[in-house]
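Trainee: Here is the model I would like to go through. Could we take it piece by piece?

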Amino acid sequence: MATVNLSDYQPLQLHDAGSFRIGIVVSEWNDFITFNLRDGALEVLKKEGVKEEHIKVFKVPGAFELNYASMQLCKTGYFDAVIAIGCVIRGETPHFDYVCSAVAQGIKDCNVLTNVPTIFCLLTDDTKEQSIARSGGALGNKGIEAAVTALQMIDFKRKL
């Protein structure tokens with residue numbers, strides 16, 4: 001478990017970020033967490049110069065639906081990267097394990113089966129307090145980290 005804030009944002013100073021097109025898929029389940037992650041990602045993308053009209057945000061009901069929506073965005077050919085944002089908090093049943101594993105595999109499939117970097121921004125915490133700490137609290141905002149990763153992967157791909 002992270003014990004420091006890994007989200008201290010350092011500007012990337014990318015020269016062509018204005019041309020980047022980014023899709024963000026956000027789960028509405030645990031929206032008090034996921035919307036903070038979304039907002040952190042949006043803030044970084046805009047600071048780096050990604051044009052607002054090149055950022056498209058799509059809501060899905062839950063974390064499991066992130067796979068379908070992310071894959072569909074990848075298939076459009078429009079987006080340079082996709083960020084999948086969700087939050088699953090452990091409960092009393094194995095449902096947590098199935099959902100987390102399925103989403104991880106689905107996002108991996110987007111990366112392997114398409115030519116679009118798809119960023120895994122799914123919090124998989126044991127408690128609500130842990131999720132709060134990682135969505136703008138003491139341990140930063142994983143949405144910020146996801147946006148930085150998306151930008152870096154687009155830059156990587158364009159340099160190939």
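What follows is a set of questions and answers on strands, helices, cores and single residues.

Trainee: What kind of model is this, and how are residues numbered?
Mentor: This is a predicted model, in which local features need pLDDT of at least 70 and side-chain atom pairs count only at pLDDT 80 or more, while totals for chains, interfaces and linings use all residues. Side-chain values use heavy atoms, with hydrogens and water left out, and residues are numbered from 1 along each chain as its sequence is written.

Trainee: How many of the six residues of strand S1 are buried?
Mentor: Strands (E, at least two residues) and helices (H or I, at least four) are DSSP runs, numbered from the N terminus. Buried means under 20% relative accessible area, exposed over 50%, and partly exposed in between, with a 1.4 Å probe and protein chains only. In a regular strand the side chains alternate between the two faces of the sheet. On one side of S1, Ile22, Ile24 and Val26 are buried, and on the other Gly23, Val25 and Ser27 are too, so S1 (residues 22–27) is largely enclosed by the rest of the structure, with a buried count of six.

Trainee: Which residue in S2 is the bridge partner of valine 25?
Mentor: Two strands pair if DSSP finds at least two bridges between them. S1 and S2 (residues 55–60) run parallel and are joined by six bridges. In S2, the partner of valine 25 is phenylalanine 58.

Trainee: Which residue in S3 stands opposite valine 26?
Mentor: S1 also pairs with S3 (residues 81–89), in the parallel sense and over five bridges. Opposite valine 26 in S3 stands isoleucine 85.

Trainee: Which helix belongs to the β-α-β unit with S1 and S2?
Mentor: A crossover is right-handed if, with the strands pointing away from the viewer, the path from the first strand over the helix to the second runs clockwise. The unit containing S1 and S2 is right-handed, and its helix (residues 31–47) is H1.

Trainee: In S4, which residue is the bridge partner of isoleucine 83?
Mentor: S3 and S4 run parallel, joined by eight bridges, and with H3 they make a right-handed β-α-β unit. Six of the eight residues of S4 are buried, so S4 is largely enclosed by the rest of the structure. The S4 partner of isoleucine 83 is isoleucine 119.

Trainee: Which elements do the buried residues of H2 pack against?
Mentor: In H2 (residues 66–76), the buried residues include Leu66, Ala69, Met71 and Leu73. Contact means heavy atoms within 4.5 Å. The buried residues of H2 pack against S1, S2, S3, H3 (95–113) and S4 (118–125).

Trainee: Which elements give two or more residues to the largest nonpolar core?
Mentor: A nonpolar core is a set of buried Ala, Val, Leu, Ile, Met, Phe, Trp, Tyr and Cys residues joined through side-chain atoms within 4.5 Å. Of the 30 residues in the largest one, Ile22, Ile24, Leu45, Val50, Ile83 and Leu151 touch the most other members. The elements giving two or more residues to this core are S1, H1, S3, S4 and H5 (142–159).

Trainee: How many residues are in the second, separate core?
Mentor: Among the members of this second core are Ala69, Met71, Phe79 and Leu122. Its residue count is 20.

Trainee: How many disulfides are there?
Mentor: A disulfide is a pair of cysteine sulfur atoms within 2.5 Å. The cysteine sulfur closest to that of cysteine 100 is in cysteine 87, at 9.0 Å, too far for a bond. For cysteine 121 the closest is also in cysteine 87, at 9.7 Å, again too far. The disulfide count is zero.

Trainee: Is histidine 95 buried or exposed?
Mentor: UniProt, in an unreviewed entry, lists His95 for "active site"; such annotations may be inferred rather than shown by experiment. Histidine 95 lies in helix H3. With a relative accessible area of 53%, histidine 95 is exposed.

Trainee: What is the phi of asparagine 30 near?
Mentor: Most residues other than glycine have a negative phi. Asparagine 30 lies in the loop between S1 and H1 and is buried, with a relative accessible area of 16%. Its phi is positive, near 60°.

Trainee: Which residues does glycine 40 touch, not counting those up to four places away in sequence?
Mentor: Glycine 40 lies in helix H1 and counts as buried at 5% relative accessibility. With that sequence exclusion, glycine 40 touches Asn141, Gly143 and Ile144.
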